[in-house]
Amino acid sequence: MFLIISLRERTRSGSASATKRDQHHVIFFLIIISRDLVTLSTSCHQPFAAMMQEGLDDGPDFLSEEDRGPRAMNVDLEMDATLQVDISDALSERDKVKFTVHTKSTLPNFKQNEFSVVRQHEEFIWLHDSFIENEDYAGYIIPPAPPRPDFDASREKLQKLGEGEGSMTKEEFTKMKQELEAEYLAIFKKTVAMHEVFLCRVAAHPVLRKDLNFHVFLEYNQDLSVRGKNKKEKLEDFFKNVVKSADGVLVAGVKDVDDFFEHEKTFLLEYHNRVKDASAKCDRMIRSHKNAADDMNRIASSLYTLGTQDSMDLCKFFLKVSELFDKTRKVEARVAADEDLKLADLLKYYLRESQAAKDLLYRRSRALVDYENANKGLDKARAKNRDVLQAETSQQLCCHKFEKISESAKQELIDFKTRRVAAFRKNLVELAELELKHAKGNLQLLQSCVGVLNSNT
Amino acid sequence: MTDTAREPPPLHTDFHEVEDGEDLFPESPAAQQPQPASLPALDISTNSNGPKQDSLMDDDPEDLFAGATEEVSLDSPERDVLLSDGPSPAITPITPPTSVIAPRIGHAHDDMFTHSSFDEIEEEEGGDSFDVHISVSDPEKVGDGMNAYMAYKVSTKTSLSVFKQRDFSVKRRFSDFLGLHSKLASKYLHIGYIVPPAPEKSIVGMTKVKVGKEDQSSNEFVEKRRSALERYLMRTVKHPILLKDPDVLQFLENSELPRAVNTQALSSAGILRMVNKAADAVNKMTIKMNESDAWFEEKQQHFENLDVQLRKLHASVESLVCHRKELSVNTAQFAKSAAMLGNSEDHTALSRALSQLAEVEEKIDQLHQDQANADFYLFSELLGDYVRLITAVKGVFDHRIKTWQKWQDSQVLLLKKREAEAKLQFTNKPDKLQQAKDEIKELEGKVQQGERDFEQISKIIRKEVGRFEKERVKDFKTIIVKYLESLVQTQQQLIKYWEAFLPEAKAIS
């Protein structure tokens with residue numbers, strides 16, 4: 001289904017200058033096509049669903065994308081009830097984004113088979129945190145929380161553009177406005193995709209999908225009145241993190257008997273760091289690329305002005321070259337955007353996932369340490385012949401917990417690897433294909449322009 | 001200044017019409033415009049040399065020579081060398097692509113040499129292929145410490161007869177180039193010839209080189225300078241008058257050149273220059289010329305606009321160069337990071353693919369680096385050169401205004417003297433009267449000279465601007481097309497790299 005949403009973005013403005021600033025507000029028309037309804041196979045192969053497949057189109061017009069009806073790929077071998085979640089729609093307001101979460105399910109515990117609710121970013125975070133804090137889920141890789149939608153940079157640029165309107169030519173202004181709109185749109189699409197991925201992963205997970213909070217999240221159509229953490233809570237969180245990392249260091253020192261986990265631990269540690277590095281460098285590379293494309297934009301405008309002013313011999317020449325630069329610039333911008341999508345986002349996502357996997361290992365090690373301590377406690381109690389029963393029960397508890405975690409963790413980590421390999425494969429192949437497509441397009445543009453210029457002189 | 005139509009004639013008509021044209025030569029240089037029939041002859045001979053030489057024969061060949069004989073001190077021995085030469089040689093293989101093929105006039109050429117007027121020397125140059133190719137190469141550091149300097153090898157390959165040899169080279173240092181330029185400027189700028197400006201001094205850059213830092217930035221600086229010097233010399237010799245200037249010839253040919261100390265920034269000459277520049281700037285503001293010729297006004301406006309636009313474009317291109325270099329650096333870093341990631345990945349196929357990705361990115365970073373260099377050396381330097389050239393052009397226009405001012409001043413003075421003389425008529429001072437009459441005669445001569453100078457400079461500027469614009473059009477077209485071709489190559493390489501990578505990515509299982 002196709003939904004047309006208009007987002008109205010008002011630049012931040014005081015009431016005094018509201019009327020003047022209103023002239024600068026930009027209206028975006030967003031056509032969001034309903035996403036593929038995600039499958040329920042245990043390995044969610046598509047963290048980045050097809051919405052951004054083609055990269056950026058010219059301007060916010062997505063009717064050209066192929067019709068994505070619900071893919072009937074919910075071949076679920078394990079359960080008979082289906083649960084499909086997607087974000088069908090999104091609205092960007094001044095400083096928040098409202099996502100419309102759409103669910104289709106035949107599970108008995110939902111009142112209807114199909115329903116939608118509106119959620120904000122904080123509510124996603126609340127859901128994620130509730131998973132983290134739930135002891136029962138200690139043995140699973142909790143899907144990483146989506147990052148906060150961050151339009152600040154884009155908004156600033158838009159504002160600067162509005163202020164600088166007088167100083168540039170009309171064509172430059174319209175061009176830059178289009179660029180900014182496209183950028184805004186790209187960020188918007190990305191944040192929608194990431195929120196959706198989170199929900200899909202939860203829905204795909206055999207245990208997490210049954211979580212009560214998740215169902216409430218999906219169904220409760222009033223505001224969850226989840227407030228963001230206040231200062232005190234943020235401080236608590238901070239301390240908790242400090243304690244956790246200190247503990248993590250202690251716990252990491254504990255040698256694991258199980259080879260599999262030992263290997264995974266070393267692997268994940270190194271991998272996480274490397275992915276972090278690669279992600280940062282990739283971002284820098286893409287930013288340079290975007291800067292170069294911006295320069296080409298300015299060159300194109302200058303050439304155009306030259307072309308309109310100069311002597312007859314050169315003016316056609318300049319105009320042609322200006323046109324070429326304009327087109328080339330669009331291609332370069334697309335290249336940067338596609339790299340961003342396929343490579344940078346991939347790395348960022350796996351940065352977060354590998355962190356979640358590390359957290360899982362940490363929890364397991366923690367449980368192991370607890371188990372060992374309980375064992376020691378039991379021995380001590382037996383030696384002293386005091387509180388033996390208590391020690392026994394606690395030891396049993398720890399043992400049980402540890403084994404449960406170990407078992408599920410193993411499966412989770414194997415799944416993680418499979419998912420990772422598949423995601424990398426898909427994205428690298430798509431990256432290469434897109435790069436080729438753009439390079440060929442660029443080449444054709446350049447060759448035809450050179451041909452025209454050579455035949456004219 | 002009639003622009004007769006010139007279509008490249010078939011081969012046989014060439015010789016025929018040149019025969020006709022020969023009759024012209026016995027005429028004195030100051031003779032009137034030759035009959036239209038002959039103009040095609042001149043044009044044709046130069047036509048076959050392509051557009052560049054057309055400008056020589058463009059409007060008033062005679063005037064050009066008249067001006068030249070005033071300024072260029074061509075000593076007769078040189079001319080004799082010229083005249084005794086055989087027919088123009090065939091095209092040498094080193095002909096740069098923008099220069100032209102030798103004319104089809106061939107042996108008919110000989111007859112032209114027997115004439116002594118200057119125009120056929122021009123003709124001969126036109127008749128020759130413009131075959132001067134100068135390259136500046138092999139920068140080497142001479143000396144040590146703060147007295148060190150870079151010596152550049154200036155190699156000339158030519159078949160023009162104005163040079164003593166065909167292929168020769170000399171060693172020059174940067175101040176030699178500056179010295180050449182200041183000599184040319186003092187000789188020609190005030191008459192209206194557009195003298196190409198020399199590359200700029202850079203104290204910081206040079207100091208680094210002197211101090212001996214053998215790093216990337218000082219290498220780049222030397223390369224930048226070398227390239228700029230080469231372009232400067234090529235532009236200078238492309239100017240038909242400057243090419244024959246003895247200073248230029250001396251610069252290119254003599255193995256030893258007197259040291260040009262006046263080019264040092266802190267010398268007395270340097271300070272004098274700065275003072276003069278300031279005075280000029282003030283003068284420019286105060287002189288208000290009533291322009292009788294719309295052509296000049298229009299051209300001046302045109303150059304002003306061009307200046308603004310080129311500067312803007314130049315700034316954008318410089319920014320592009322900077323960002324592309326940045327991109328190259330960042331891509332290299334990413335490549336390393338991806339390689340490390342590939343190493344730590346335990347799935348073998350993915351690991352291999354990531355390593356391949358790292359390799360591809362590394363090759364791409366080199367590609368970006370090369371492209372940034374092309375951006376710079378082709379596009380950015382072209383724009384920078386023209387920004388400076390336009391400053392020279394504006395200077396030439398300013399000189400015209402100064403000439404006009406001088407003329408007006410002497411006219412005003414003459415008027416005053418005449419009034420004074422009229423007054424003296426009534427007093428009884430015969431010697432003073434005589435003195436006044438003498439002064440008036442002198443001033444009248446000056447006024448006439450002033451007017452002639454003004455006419456002269458106006459004419460020369462018209463021609464120069466025509467030539468300059470032709471050069472500019474050609475330069476821009478060729479260099480920008482070359483630049484675009486470099487972009488084409490980059491894309492082709494990119495395609496190759498990604499095509500190599502794709503199967504690797506697909507091979508991940």
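Okay, let's start inside chain B: the centres of domain 1 of chain B and domain 2 of chain B, taken over C-alpha atoms, are 18 Å apart. Keep in mind that this is a predicted model. The domain assignment puts 130-254 plus 262-281 of chain B in domain 1, and 285-508 in domain 2. Where those two meet, 22 residues of domain 1 and 24 residues of domain 2 are in contact.

How much area do domain 1 of chain B and domain 2 of chain B bury between them? About 2000 Å², with 56% of that on carbon and sulfur atoms. If you want names, look at B:Ile194, B:Arg231 and B:Arg235: together they supply 30% of what domain 1 of chain B buries against domain 2, more than any other three residues.

B:Arg231 comes up again when we turn to charges. That arginine makes a salt bridge with B:Asp385, and the closest N and O atoms sit 2.5 Å apart. Across this domain interface there are four salt bridges, and seven residue pairs are in polar contact. On the domain 1 side, α10 (216-238) and α13 (268-286) of chain B each bring at least two residues to the surface touching domain 2. The largest share there, seven residues, comes from α10(B). As for the make-up of that side of domain 1, we have ten nonpolar, eight charged and four polar residues.

Right, on to the two chains. Between chain A and chain B, the contact takes in 61 residues of chain A and 57 residues of chain B. The buried area here is about 5300 Å², and carbon and sulfur atoms give 71% of it. Quoting an area like this is common, since interface size is often given as the accessible area lost when the parts come together.

What about charged pairs? Five salt bridges cross between chain A and chain B. To look at an example, pull up A:Arg420 and B:Asp346, whose side chains meet in a salt bridge at 3.4 Å, N to O. The polar contacts between the chains come to 16 residue pairs.

Which helices of chain A each supply at least two residues of the side that touches chain B? Those are α7 (259-309), α8 (312-384) and α9 (388-456). Of the elements on that side, α7(A) gives the most, with 25 residues. Sorted by class, the side of chain A touching chain B has 32 nonpolar residues, 17 charged and twelve polar.

That's my tour of the two interfaces, so over to you.

Note on methods:
Residues are numbered from 1 along each chain as its sequence is written. Chains are lettered from A and ligands numbered from 1 in the order in which they are written. This is a predicted model: local features need pLDDT of at least 70, side-chain atom pairs count only at pLDDT 80 or more; totals for chains, interfaces and linings use all residues. Side-chain values use heavy atoms; hydrogens and water are left out. Domain bounds come from an automatic or database domain assignment. Contact means heavy atoms within 4.5 Å. Buried area is the accessible area (1.4 Å probe) that two parts lose on being put together, summed over both. A polar contact is a pair of N or O atoms within 3.5 Å; within protein, one must be able to donate a hydrogen and the other to accept it, and residues adjacent in sequence count only if both atoms are side-chain atoms. Helices (H or I, at least four residues) and strands (E, at least two) are DSSP runs, numbered from the N terminus. Ala, Val, Leu, Ile, Met, Phe, Trp, Tyr, Cys and Pro count as nonpolar, Asp, Glu, Lys and Arg as charged, and the others, Gly among them, as polar.
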